[in-house]
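Student: Can we go through this one together? I'd like to start with a detail and work outwards.

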Amino acid sequence: MLALRLGRRSGTAVQLRRLMVAAASGGTGFLLLSSLGHALAHPEAPGAATVRLAWCAAPLAATVYFAVAVARTDPGTRPRPGLSAIGLGPGRLMAVSAVTTALSCLLGSLLALLFFLHLRGDLTGMPFDGGAAALLAAGRPLPLPAALTLLTLVPLIASAATALALRPREAGGLRGAARRHIADARRREHDADTGAGGRTAPATGVGTGVDTDVVTDVVTDVVTDTGLDADTATAGTTTGTATATAPATAPVAGAAPARLTAVPDGLPWGVAVLVTGLGVAGYANRAGVALTPDLSLVPAGLLAGWALAALGLALIGPGLTHLCGRALQAVRPGAVRLLAGRVLMAEASRIGRPLGVVAAVAALAYALVLRYDLGGPVLGPLGVLGAVLVAGCAAATLVTAGIEVRQLRADTMLALLRVGAPATTLRACAALRAGVLLAVFGPLTVTVAELASLTPGG
Amino acid sequence: MEAPPDNDVLWARALHFTHRDRTPGLNGVSLGVGDGEILAVGGPRGSGKTTLLRCLSGTLTPTKGEVWFNNTPVHTLGPLGRERLRRERFAWVGPEPGLVAELNVWENAALPLMLRGMGRRRAKERAVDWLERLDVGSVARRNPLELDQAQRQRVAIARALAPSPTVLFADEPTAPLHRADRVHVLRTLMAAARSHDITVVLATGDLEAAALADRVVHLLDGRRVSNAQLPPAAGTEGRAACSLSV
């Protein structure tokens, strides 16, 4: 009930985001039900039905990724002092956000079920002259438990992922790069060189935040499945890189406060995975593969290669974004370049991950349409729905990450405005950041797509 | 419209301000700040000090009344004009340092200079110069998050003073500090302002701090009063009344 009450009072933009989650969940639910329909219509070929079901994992992963991103930006379920004072701390709010996510997804699933039944003609006779009858096994009765199981899949996974992403953590609960740097710092503690030499030294330590709400909402960093590529849906690897720390006031004994602009890790791994993926795809493609719309006939090598390449792109996203920021503020920067570059460095893990995913999806779309001639109607209505879902979720997640960054940077913006920074300067910073990211990730996407669809032997 | 007195750099007449939720903020406050003067605005929390400073600095537009800065009517300026005024002429130090965490200390201090179009090298020289004057020169290359609160507040003051503003608005600049740091930071601020002939409007709830200023103006419930000392609480009268009602 509390989730509903908190949810009801939020603004239009938030409701719109929740509706988009519902739409994505509905689309995925519909795809899952269609795979059930296909299995019902073709009981003689369980293999093909299984392949169809497996393909649904891609939109499923995209939907969950998007739902988590939306839950993280939801101002209604963000820890705040007022609720904290009456005992509704981060732990309970995590539950509230999980419930909110589940509600949005359930709404979508319900709509998907209704639409599915409508198309099958179970509700009000056959629409569209029975055009969808063959696809959805209109003649046969629908096994209700199976349908319900499939439909609860998205809400369950999405709310579990949300709870995981927003679980309350201590400010010290950093992972990856930050934790390693703390260990380094403790080792270097004896060197007693705490002077001004810190500029190029790796970031160290954690901060003890004062007010828990800032801490939890900044430190809940990316717990997102990066294995989110359009063609295979490799399982979600939670490689969130933690760079952000709360505005620390008291340094923890033995470790200096963290630097906001720490390097996110994963770049070397990402490059390795990406290159491996390109190699595997190239090897599988050495004689030239002609893909057909029947997705069960995609060669395993090509699939694995693309999956690795996409995973690699998602992994290098943060590191590459950080590098962009570093390059931007490199040689004798003025105010605009300095601000743009440093902000990009600080927000590398938040913006970079969804950006990498978008690059992966875009590379795949580029290759499918331009190299394999599989664009548009050739894929069939369900294939197009799946592709639109994946692409839409990836793009919407990127936009949502942008919103999240904007929310988190509100106080910095206020500080800058206090200093008297003109709005045009801030806009120029934003435009510069977007331009640099586009200039780096655009060519990268095209290159990866071209390399992955290369036929070395042909 | 009456012109402001010649020797006053900043001048307000009959300022009224009502917050958006209809809470009264200011109720007819008039004051003038002379050139190079350090004026303390005293009063307890909620007496309208911050609102007055924000009206004077053009962050808020008063509901009624006039604010003049050197023959410029601040209350009729558009948002762009006020933004330019804040950037070119005013500086603001709040209770929170408000530093940009992504930039290091000297970059923070040099940012207002760079925003005014000064070259990087000159901005850096000047920023570091000011940081040294405020005893934080040794941490100029560190990140603000690595400093303690008093150091950060000093950096914020250096950032405000570096562009040589005409008027510095200091809104409880020492509120989050311990008393030793408080006095030190405040003295440094005053000394720097006096030596550079910067007019300071200082809001403070602390009488010791107000004693360092040239003149003190007291506010109480959004009105200017001659003395903000409240009468001492009546002894046991209230308690007796309470026990009677039980």
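**A sheet in chain B and the contact with chain A**

Tutor: Start with a bridge in chain B: L220(B) has R223(B), in strand 10, as its bridge partner. Keep in mind that this is a predicted model.

Student: Which way do strand 9 and strand 10 of chain B pair, and over how many bridges?

Tutor: Strand 9 and strand 10 of chain B run antiparallel, with 3 bridges.

Student: What about phi in the hairpin of those two strands?

Tutor: The hairpin has 2 residues between its strands, and D221(B) takes a positive phi near 50° there.

Student: Ok, zoom out. What is the strand order of the open sheet in chain B?

Tutor: The order is 6-7-8-3-9-10, so to speak of 6 strands in an open sheet with mixed pairing. Strand 6 (90-93) and strand 10 (223-225) of chain B are the edge strands, each pairing on one side only. From one strand to the next, the twist averages 25°.

Student: And strand 3 with strand 9 of chain B, parallel or antiparallel?

Tutor: Parallel: strand 3 (residues 38-42) and strand 9 (residues 215-220) of chain B share 4 bridges. Among the bridge partners, G42(B) goes with H218(B), and A40(B) goes with V216(B).

Student: Which helix packs on the sheet?

Tutor: Helix 6 (residues 179-195) of chain B does, touching strand 3, strand 7 (167-171) and strand 8 (199-204) of chain B. The direction of helix 6 makes about 160° with that of strand 8 of chain B.

Student: Switching to the interface. How many residues does each chain put into the contact?

Tutor: Chain A gives 33 residues and chain B gives 26 residues. About 2700 Å² is buried between chain A and chain B, and carbon and sulfur atoms give 58% of that area.

Student: How many salt bridges and polar contacts go across?

Tutor: The rule finds 2 salt bridges between chain A and chain B. One of them joins the side chains of R409(A) and E102(B), at 2.6 Å from N to O. For polar contact, the count across the interface is 4 residue pairs, with both residues at pLDDT 80 or more.

Student: Which helices of chain A are on the side that touches chain B?

Tutor: Helix 12 (335-346), helix 15 (410-419) and helix 16 (423-452) of chain A each supply at least two residues of that side.

Student: What's the split by class on that side?

Tutor: The side of chain A that touches chain B has 19 nonpolar, 8 polar and 6 charged residues.

Terms used:
Residues numbered from 1 in each chain as written. Chains lettered and ligands numbered in written order. Predicted model: local features only at pLDDT ≥ 70, side-chain atom pairs only at ≥ 80, totals over all residues. Heavy atoms only, no water. Contact = heavy atoms within 4.5 Å. Buried area = accessible area lost by both parts, 1.4 Å probe. Salt bridge = Lys/Arg side-chain N within 4 Å of Asp/Glu carboxyl O. Polar contact = N/O pair within 3.5 Å; in protein donor to acceptor, adjacent residues only side chain to side chain. Nonpolar A, V, L, I, M, F, W, Y, C, P; charged D, E, K, R; others polar. Pairing = 2+ DSSP bridges. Axes fitted to C-alpha atoms, helices over the stretch in contact; angles between N-to-C directions.
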